[in-house]
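Welcome to a short set of exercises on pockets, salt bridges and a cavity. Have the model open, try each task, then read the worked solution.

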Amino acid sequence: MKLVSGDARAAVPLAERAATLEPKNADYRYQVAECVGSMAQRAGILKGLGLARRFKREAEATLALDPNHVDAHEGLIEFYSVAPGIAGGSDKRAHALADALVGIDAARGRLAQATLAFREKQGAKGEEALRQAVQADPNSYPARMSLARFCAGDAQKKWDEAEQHARVAIVLDPGRVGAWSMLAYLYAHLQRWDDLDRTLAEAERAVPDNLAPCYQAARTLLADDREPARAERWFRKYLTQEPELGAPTLAHAHWRLGLAVEKQGRRPEALSEVETALQLKPDLDDAKKDLKRLKRG
């Protein structure tokens, strides 16, 4: 629970205690790796290197206990792919682990291969791996959503296929918000207003405690410089409840609401929203820039 809430430092001793009590439990050992890895992402360079090396040791210890541990495979693939050589990074090792993962969980292995391919600017190979992931497990929510996001990208613009995969994902698990947010993006971007309104209403009924689809629709309209009044409406809807962990913050919503209001010529109100955003999150740099611009008039 500590790790989920973002307090990795407090989670480490709890995870270590569990791993010590049950030294042969691979899941408990990997919890230690996850906690350490989360800390490494937030640490400075020197401390981060040490934590990264420990993550590697803990994840490898997990695989020693259970060679088929999928999460440990995925964690090490990511580590080897992004870590500098001085910390033990190795593209060759990342690919070897991804290939091995295909034999354990074909869909997740193919998704790992796709991630590596896209990271290496091999788009065609990445797309092939995504399609293989869906073929390996048509009922995989992550595989469907990964392919949907790819199809909805600016380079692809395969809107119909993206919508199809998102719709399948909703059938697979209507309680997850990702597919609803994908549809919100698509319908806002394509100006399918009736579909957008209907989808946001359906999403709220299916996942009432997460209004991220409203935020996604509004953010898309703002990015497309289109329908600021609609964007305002959905930002205000998003602000009616506390966001779920990992969802856009209220500060981000106030900031972007200010931009939507500004586009409608209400500068004083826009200034107030951006100021509110910075009261909630003083380190929101983009909002700082917009505040200076709005004050200059």
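**Exercise 1. Is Glu 127 buried or exposed, going by relative accessibility?**

Solution. Before we start, note that this is a predicted model, where local features need pLDDT of at least 70, side-chain atom pairs count only at pLDDT 80 or more, and totals for chains, interfaces and linings use all residues. Residues are numbered from 1 along each chain as its sequence is written, and side-chain values use heavy atoms, with hydrogens and water left out.

Step 1: Recall the classes: buried is under 20% relative accessible area, exposed is over 50%, and partly exposed is in between (1.4 Å probe, protein chains only).
Step 2: Glu 127 has 19% relative accessibility, so it counts as buried.
Step 3: Now find its partner. The side chain of Glu 127 makes a salt bridge with that of Lys 158, at 3.2 Å from N to O. The term asks for a side-chain nitrogen of Lys or Arg within 4 Å of a carboxyl oxygen of Asp or Glu.
Step 4: Glu 127 sits in helix α7 (residues 123-136) and Lys 158 in the loop between α8 (141-151) and α9 (159-172), so the pair ties together parts 31 residues apart in sequence. Helices are DSSP runs (H or I, at least four residues), numbered from the N terminus.
Step 5: Lys 158, at 29% relative accessibility, counts as partly exposed.

**Exercise 2. Describe the salt bridges of Arg 293 and Arg 192.**

Solution. Step 1: Arg 293 pairs with Glu 262, and their closest N and O atoms are 2.5 Å apart. This pair links distant parts of the chain, with Arg 293 in helix α16 (residues 285-296) and Glu 262 in helix α14 (residues 250-262), 31 residues apart.
Step 2: Check accessibility. Arg 293 is partly exposed at 30%, and Glu 262 is partly exposed at 25%.
Step 3: Arg 192 forms a salt bridge with Asp 195, with 2.9 Å between the closest N and O atoms. Here Arg 192 is partly exposed at 27%, whereas Asp 195 is buried at 19%.
Step 4: Step back to the whole model, where the count comes to 26 salt bridges. Glu 16, Arg 29, Arg 54 and Glu 58 are linked in a network of them.

**Exercise 3. Which helices line the largest pocket and the second largest pocket?**

Solution. Step 1: Set the terms. On a 1 Å grid over the protein atoms alone, a pocket is an open set of points with protein on both sides within 12 Å along at least five of seven lines, while a cavity is a set where a 1.4 Å probe fits but cannot get out; lining residues have an atom within 4 Å of a point. Points are joined across faces, edges and corners, and a volume is the space filled by probe spheres set on them.
Step 2: The largest pocket holds about 500 Å³ of space. Among its 22 lining residues, Gly 37, Ala 40, Gln 41, Phe 55 and Phe 79 are the closest to its centre.
Step 3: α2 (26-42), α3 (45-65) and α4 (70-82) each supply at least two lining residues, and α2 gives the largest share, seven.
Step 4: The second largest pocket has a volume of about 240 Å³. Its lining includes Asp 71, Glu 74, Arg 108 and Leu 111. α4 and α6 (106-119) each give two or more residues to this lining, with α6 giving the most, five.

**Exercise 4. How many cavities of 30 Å³ or more does the structure hold?**

Solution. Step 1: There is one.
Step 2: The largest cavity has a volume of about 40 Å³, and its lining includes Asp 209, Tyr 238 and Pro 243.
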